[in-house]
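Let's take a walk through a protein together. Have the sequence and the 3D view open, and look up each residue as we get to it.

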Amino acid sequence: MEKLVSSWSDGKILPESYIFPPGKRPGKQVVLLYESVPVIDLGKAEGDDHENIVINHGVPTSLMDDTRRMFKEFFVLPAEEKTRFLSSDLCQKCALYTSNVDYEKEEIHNWRDSLRHSCSALEECVDYWPQKPLRYGEVVGQYTVKVRELGSRILELICEGLGLERGFFAKELSQGQVLAVHHYPPCPDPSLTLGTRKHYDPGVITILLQGDVSGLQVLRNGEWIGIEAIPDAFVVNVGQQLQIVSNGRLRSSEHRAVTNKNKARITGAFFIEPMKDCIVEPAKAIVNARSPAIYKFTVAGCHARISNFGSPSIHHLQVVNHGVSTRLMYDTQTVFKEFVELPAKEKSRLLSSDFSRKFALFTSNVDYDEEEIHNWRDSLRHICFPLEESIQFWPQQPTRYRTQEPCDTGIYCFKEMFRGFKSSRMEWIGIEAIPDALVRFIMPADGCIVEPAKAIVNAQSPAIYEGVTYMDFVKTFRAAYVGEIDDVSESYTIRA
Ligand SMILES: O=C(O)CCC(=O)C(=O)O
Ligand SMILES: [Fe+2]
């Protein structure tokens, strides 16, 4: 067993075995902090998938502080006190190791030491935990009980969101509970190494206590984004086995931890996992003919990677807990309905098959005259962005259609829901209202070049499509629509 980083590092030398290859290093660039990690306020119970920051979580701040103190006191103990826990066998009830348990096999090491112990059932494990500092068992014991309660509440919310019966996760799917305490000593050059290399958490959920030093980063759209350390908050990660159980509706995201030049960072990751041998599979209640299972079952103990039936890409998402009030959604539908019920004369003034207009009411499709068979629908389509400029082109009847007051308007919700897109390249936003359905499109601005994102294209994964201006893309799209060409994406595929 190699020595702990903290027992040999003087903070000045970074051995070669810790230097990651160029493409895997964090580099020197400043990583943006994630501005909008969804915050679950358990006073209000809202959230979404991936990472969430949880506040009002019911774990007393004093207990969080005491726990962090215990972690710190453990790691500053003299080396000989810690030696007896050294082990790379994760089946041990308590193991202290450096980098990873497969230190011997890995080429490059993580700049960290970790203490990992099981927490369930507490009475059975606590005696195996460190005896020093003296209050470790008492304080960390209480902490794990509270975090476990928090985990149960979050899992109940997830049940509700997924439409599963209460208590779905309460038994074997969440009986495994493990705490990993990571110590990242100050590192001579954080740009060259990693504290925790990129990975997905394998379990159901992870409740991470980041403390007061940031370092956690998540991969979003090919870019690493930092999650700010808020001492009183937890970061909750969706694990890969929850991704399976939710049949892909909740997604686990790749993350890593970077090191810090001046400060030691100590974090506590509480993993809620299925019991070994428990069968993990898409929940039967959410799998049906329209939404078939996309994952095979796997046995928890053997779980290494998600086994996937088909393509891992998401084509459609259903969003719940989206922040648009039910009242507002209902009002929106009512306003559409009122529009549809207006006398034909009133609406005929608005008929147009010209999509370049800011507003068009049409039947079937804009190319009605050319198509052989029509769709059984009438549609209203108008631009929504920027709202202030486009709203004047919208229907004047019913009068509420244009209202911008929050809460009793038909359209305000979209402004709320898509606020975030204002600064992006996705400028052209249209909506189509069909009596019973509403479709909102978010599209690039006309001149915008649409191409594979540079950050995800590289030698191993070269671009498979060439870039195209959005305007040209629309022309090809229409040609495919009327059957002049077969497939839009084919037109832009780069041939070897
Ligand atoms: O220490 C951190 O910030 C992340 C730790 C982590 O991702 C893990 O233990 O799975
Ligand atoms: Fe993790």
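We'll begin with the whole chain, move to the metal and the ligand, and then stop at a few single residues.

One thing to keep in mind from the start: this is a predicted model. The protein has 496 residues, and 44% of them are buried. Its chain forms 12 helices and 20 strands. How do parts of the chain that are far apart in sequence come into it? If you take the contacts between residues at least 6 apart in sequence, 68% of them join residues at least 24 apart. As for the outside, the accessible surface comes to about 27100 Å², and carbon and sulfur atoms account for 53% of that.

Now find the iron ion, which is ligand 2. Which residues hold on to it? The protein donors are His199 and His255, each through NE2, and Asp201 through OD, and they lie 2.1 Å from the iron. Written as a pattern along the sequence, these donor residues read H-x1-D-x53-H. Two of them come from separate strands: His199 lies in β6 (residues 196–199) and His255 in β11 (residues 255–257), so this pair ties together parts of the chain that are 56 residues apart in sequence. Are these two histidines buried or partly exposed? His199 is partly exposed, with a relative accessible area of 25%. His255 counts as buried, because its relative accessibility is 5% and the cut-off for buried is under 20%.

Stay where you are and look for ligand 1. The residues around ligand 1 include the iron donors His199, Asp201 and His255. Others in that shell are His182, Tyr184, Leu208, Leu216, Ala257, Arg265, Thr267, Ala269 and Phe271. Sorted by type, the shell has six nonpolar residues, four polar ones and two charged ones.

Some of these residues come within polar reach of the ligand. His182 has a polar side-chain atom 2.6 Å from an oxygen atom of ligand 1. Tyr184 also puts a polar side-chain atom 2.6 Å from an oxygen atom of the ligand. For Asp201, the distance from a side-chain N or O atom to a ligand oxygen is 3.1 Å. How much of ligand 1 does the protein cover? On its own the ligand has 300 Å² of accessible area, and the protein covers 95% of it. Three elements give two or more residues to the shell: β5 (176–184), β11 and β12 (265–273). Of these, β12 gives the most, with four residues.

Next, head over to Ser364, in the loop between β15 (359–363) and β16 (378–383). Ser364 is buried, with a relative accessible area of 0%. What does its side chain touch? It makes a polar contact with the side chain of Glu371, at 2.4 Å. If you set aside the neighbours within four places in sequence, Ser364 is in contact with Glu371, His374, Asn375 and Arg377.

Another serine to find is Ser152, in helix α5 (residues 136–162). With 28% relative accessibility, Ser152 counts as partly exposed. Ser152 and Ala170 are 18 residues apart in sequence, and their C-alpha atoms are 7.1 Å apart in space.

Let's finish with the backbone. Where can you find cis peptide bonds? One joins Lys132 and Pro133, with omega at about -5 degrees. Pro133 lies in the loop between α4 (122–125) and α5. Another cis peptide bond joins Gln397 and Pro398, and there omega is about -10 degrees. Pro398 is in the loop between α9 (387–390) and α10 (412–417).

Phi angles are worth a look too. Ser99 has a phi near 60 degrees, a positive value in a residue other than glycine. You'll find Ser99 in the loop between β3 (94–98) and β4 (113–118). Ser99 is buried, at 0% relative accessible area. Asn247 has a positive phi as well, near 55 degrees. This asparagine sits in the loop between α6 (240–245) and β11, and at 8% relative accessibility Asn247 counts as buried. If you follow the chain on to β11, you arrive at the strand that holds His255, one of the protein donors of the iron ion.

Conventions:
Residues are numbered from 1 along each chain as its sequence is written. Chains are lettered from A and ligands numbered from 1 in the order in which they are written. This is a predicted model: local features need pLDDT of at least 70, side-chain atom pairs count only at pLDDT 80 or more; totals for chains, interfaces and linings use all residues. Side-chain values use heavy atoms; hydrogens and water are left out. Donors are N, O and S atoms within 2.8 Å of the metal (3.2 Å for Na, K and Ca); water is not among the atoms, so sites may look incomplete. Buried means under 20% relative accessible area, exposed over 50%, partly exposed in between (1.4 Å probe, protein chains only). Contact means heavy atoms within 4.5 Å. Accessible areas come from the Shrake-Rupley method with a 1.4 Å probe; for residues, only the protein chains shown count as cover. A residue is near a molecule or strand if one of its heavy atoms lies within 4 Å of it. A polar contact is a pair of N or O atoms within 3.5 Å; within protein, one must be able to donate a hydrogen and the other to accept it, and residues adjacent in sequence count only if both atoms are side-chain atoms. Ala, Val, Leu, Ile, Met, Phe, Trp, Tyr, Cys and Pro count as nonpolar, Asp, Glu, Lys and Arg as charged, and the others, Gly among them, as polar.
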